[in-house]
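Biologist: Could you take me through this model slowly, and set each label that you use against its definition?

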Amino acid sequence: MRHRALLEQIRAQNQVMKRLTTTFLFDALLVVLFVFIGTRNHNTDKDAAGVASTAAPFLIGLACGWWASSGRKNPFAVQTGIVVWMATVVIGMLLRNFAWDRGTAGAFIVVATVFNAFTLVGWRV
(Lines give C-alpha, C1' and ligand atoms only; values in the text may rest on other atoms or scores of the structure.)
Protein backbone atom coordinates (compact mmCIF):
# COMPACT_ATOMS: atom_id res chain seq x y z
CA MET A 1 0.00 0.00 0.00
CA ARG A 2 2.76 2.43 0.83
CA HIS A 3 4.30 1.81 -2.57
CA ARG A 4 1.09 2.81 -4.34
CA ALA A 5 0.84 6.01 -2.34
CA LEU A 6 4.46 6.78 -3.08
CA LEU A 7 3.97 6.11 -6.79
CA GLU A 8 0.94 8.40 -6.86
CA GLN A 9 2.93 11.13 -5.16
CA ILE A 10 5.76 10.76 -7.67
CA ARG A 11 3.30 10.88 -10.58
CA ALA A 12 1.69 14.01 -9.18
CA GLN A 13 5.09 15.69 -8.77
CA ASN A 14 6.03 14.71 -12.32
CA GLN A 15 2.83 16.32 -13.64
CA VAL A 16 3.58 19.53 -11.75
CA MET A 17 7.16 19.61 -13.08
CA LYS A 18 5.95 19.04 -16.64
CA ARG A 19 3.46 21.90 -16.28
CA LEU A 20 6.09 24.23 -14.83
CA THR A 21 8.65 23.33 -17.47
CA THR A 22 6.15 23.80 -20.27
CA THR A 23 5.03 27.16 -18.89
CA PHE A 24 8.59 28.42 -18.45
CA LEU A 25 9.56 27.28 -21.94
CA PHE A 26 6.48 28.98 -23.38
CA ASP A 27 7.51 32.25 -21.72
CA ALA A 28 11.05 31.79 -23.06
CA LEU A 29 9.64 31.17 -26.54
CA LEU A 30 7.71 34.45 -26.32
CA VAL A 31 10.91 36.31 -25.40
CA VAL A 32 12.77 34.71 -28.30
CA LEU A 33 9.85 35.65 -30.59
CA PHE A 34 10.22 39.27 -29.47
CA VAL A 35 13.94 39.18 -30.31
CA PHE A 36 13.37 37.33 -33.58
CA ILE A 37 10.84 39.90 -34.79
CA GLY A 38 13.12 42.76 -33.75
CA THR A 39 16.18 41.38 -35.47
CA ARG A 40 14.19 40.82 -38.66
CA ASN A 41 12.66 44.31 -38.61
CA HIS A 42 16.03 45.97 -38.10
CA ASN A 43 18.00 43.59 -40.32
CA THR A 44 20.51 42.78 -37.56
CA ASP A 45 21.79 39.60 -35.93
CA LYS A 46 19.84 37.38 -38.31
CA ASP A 47 21.70 34.12 -37.65
CA ALA A 48 20.92 31.82 -34.74
CA ALA A 49 23.95 32.99 -32.76
CA GLY A 50 22.91 36.61 -33.18
CA VAL A 51 19.36 35.93 -32.04
CA ALA A 52 20.67 33.93 -29.07
CA SER A 53 23.10 36.70 -28.14
CA THR A 54 20.37 39.31 -28.34
CA ALA A 55 17.90 37.16 -26.41
CA ALA A 56 20.34 36.14 -23.65
CA PRO A 57 19.96 39.17 -21.35
CA PHE A 58 16.18 38.97 -21.60
CA LEU A 59 16.15 35.23 -20.95
CA ILE A 60 18.29 35.81 -17.87
CA GLY A 61 15.77 38.44 -16.78
CA LEU A 62 12.96 35.97 -17.44
CA ALA A 63 14.63 33.33 -15.25
CA CYS A 64 15.14 35.90 -12.48
CA GLY A 65 11.49 36.87 -12.75
CA TRP A 66 10.38 33.27 -12.44
CA TRP A 67 12.57 32.86 -9.39
CA ALA A 68 11.41 36.15 -7.81
CA SER A 69 7.74 35.48 -8.47
CA SER A 70 7.82 31.95 -7.13
CA GLY A 71 6.28 31.01 -10.46
CA ARG A 72 6.46 27.39 -9.49
CA LYS A 73 3.61 27.97 -7.00
CA ASN A 74 1.15 29.42 -9.49
CA PRO A 75 2.64 29.87 -12.97
CA PHE A 76 -0.71 30.84 -14.49
CA ALA A 77 -1.43 33.75 -12.11
CA VAL A 78 -1.48 37.26 -13.55
CA GLN A 79 0.70 38.38 -10.63
CA THR A 80 3.33 35.85 -11.71
CA GLY A 81 3.16 37.24 -15.24
CA ILE A 82 3.60 40.81 -14.02
CA VAL A 83 6.71 39.97 -11.98
CA VAL A 84 8.15 37.88 -14.82
CA TRP A 85 7.44 40.66 -17.33
CA MET A 86 8.99 43.43 -15.23
CA ALA A 87 12.10 41.37 -14.45
CA THR A 88 12.47 40.35 -18.09
CA VAL A 89 12.42 43.95 -19.29
CA VAL A 90 14.34 45.67 -16.46
CA ILE A 91 17.05 43.04 -15.95
CA GLY A 92 17.22 42.39 -19.69
CA MET A 93 17.78 46.07 -20.47
CA LEU A 94 20.34 46.51 -17.70
CA LEU A 95 22.30 43.45 -18.81
CA ARG A 96 22.01 44.41 -22.47
CA ASN A 97 23.42 47.86 -21.71
CA PHE A 98 26.09 47.08 -19.13
CA ALA A 99 27.11 43.45 -19.69
CA TRP A 100 26.52 43.09 -23.44
CA ASP A 101 27.42 46.72 -24.25
CA ARG A 102 24.46 47.03 -26.63
CA GLY A 103 22.08 49.93 -27.11
CA THR A 104 18.93 50.60 -25.12
CA ALA A 105 17.28 53.45 -26.99
CA GLY A 106 14.09 54.89 -25.53
CA ALA A 107 11.93 53.56 -28.35
CA PHE A 108 13.41 50.09 -27.88
CA ILE A 109 12.59 50.15 -24.16
CA VAL A 110 8.99 51.15 -24.93
CA VAL A 111 8.56 48.45 -27.59
CA ALA A 112 10.15 45.79 -25.37
CA THR A 113 7.97 46.79 -22.43
CA VAL A 114 4.72 46.77 -24.41
CA PHE A 115 5.41 43.62 -26.45
CA ASN A 116 6.51 41.63 -23.43
CA ALA A 117 3.56 42.88 -21.37
CA PHE A 118 1.14 41.65 -24.01
CA THR A 119 2.87 38.29 -24.31
CA LEU A 120 4.11 37.44 -20.82
CA VAL A 121 1.13 38.84 -18.94
CA GLY A 122 -1.48 38.68 -21.69
CA TRP A 123 -1.76 34.90 -21.97
CA ARG A 124 -2.28 34.68 -18.20
CA VAL A 125 -5.31 37.00 -18.18
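Modeller: Let us begin with helix H2, where Gly50, Val51, Thr54, Ala55, Pro57, Phe58, Gly61, Leu62, Gly65, Trp66 and Ser69 are buried. Please keep in mind that this is a predicted model, in which local features need pLDDT of at least 70, side-chain atom pairs count only at pLDDT 80 or more, and totals for chains, interfaces and linings use all residues. Residues are numbered from 1 along each chain as its sequence is written, and side-chain values use heavy atoms, with hydrogens and water left out.

Biologist: What makes a residue buried or exposed?

Modeller: The label follows from relative accessible area, found with a 1.4 Å probe on protein chains only: under 20% is buried, over 50% is exposed, and partly exposed lies in between. By that rule, 31% of the 125 residues of the protein chain count as buried.

Biologist: Which helices do the buried residues of H2 pack against?

Modeller: The buried residues of H2 pack against H1, H3 and H4, where contact means heavy atoms within 4.5 Å.

Biologist: How do you know what the elements of the protein chain are?

Modeller: They are DSSP runs numbered from the N terminus, helices being H or I over at least four residues and strands E over at least two. The protein chain has four helices and zero strands, and its order from the N terminus on is therefore written α-α-α-α. Along its principal axes, the C-alpha trace spans about 60 × 30 × 25 Å.

Biologist: What makes you speak of a kink in H2, and where does it lie?

Modeller: The bend at a residue is the angle between axes fitted to the seven residues ending there and the seven starting there. At Ala56 in H2 there is a kink of about 40 degrees, and the proline Pro57 comes shortly after it. Pro57 itself is among the buried residues of H2.

Biologist: Why is Thr88 called buried?

Modeller: Thr88 has 0% relative accessibility, so it counts as buried. This residue lies in helix H3, and, leaving out residues up to four places away in sequence, Thr88 touches Val31, Phe58, Gly61, Leu62, Met93 and Leu120. Three of these names, Phe58, Gly61 and Leu62, also appear among the buried residues of H2.

Biologist: How far apart in sequence are the residues that touch each other in the protein chain?

Modeller: If we take contacts between residues at least 6 apart in sequence, 70% of them join residues at least 24 apart.

Biologist: What makes the phi of Asn43 worth pointing out?

Modeller: Most residues other than glycine have a negative phi. Asn43 is not a glycine, and yet its phi is positive, about 55 degrees. Its place is in the loop between H1 and H2, and, since its relative accessibility is 54%, Asn43 counts as exposed.

Biologist: What do we find for the phi of Asp101, and where does this residue sit?

Modeller: Asp101 also is not a glycine, and its phi is positive, about 55 degrees. Asp101 is found in the loop between helix H3 (78-98) and H4, and its relative accessible area is 68%, so Asp101 is exposed.

Biologist: Which residue follows H2, and what is its phi?

Modeller: Ser70 follows H2, with a positive phi near 55 degrees.
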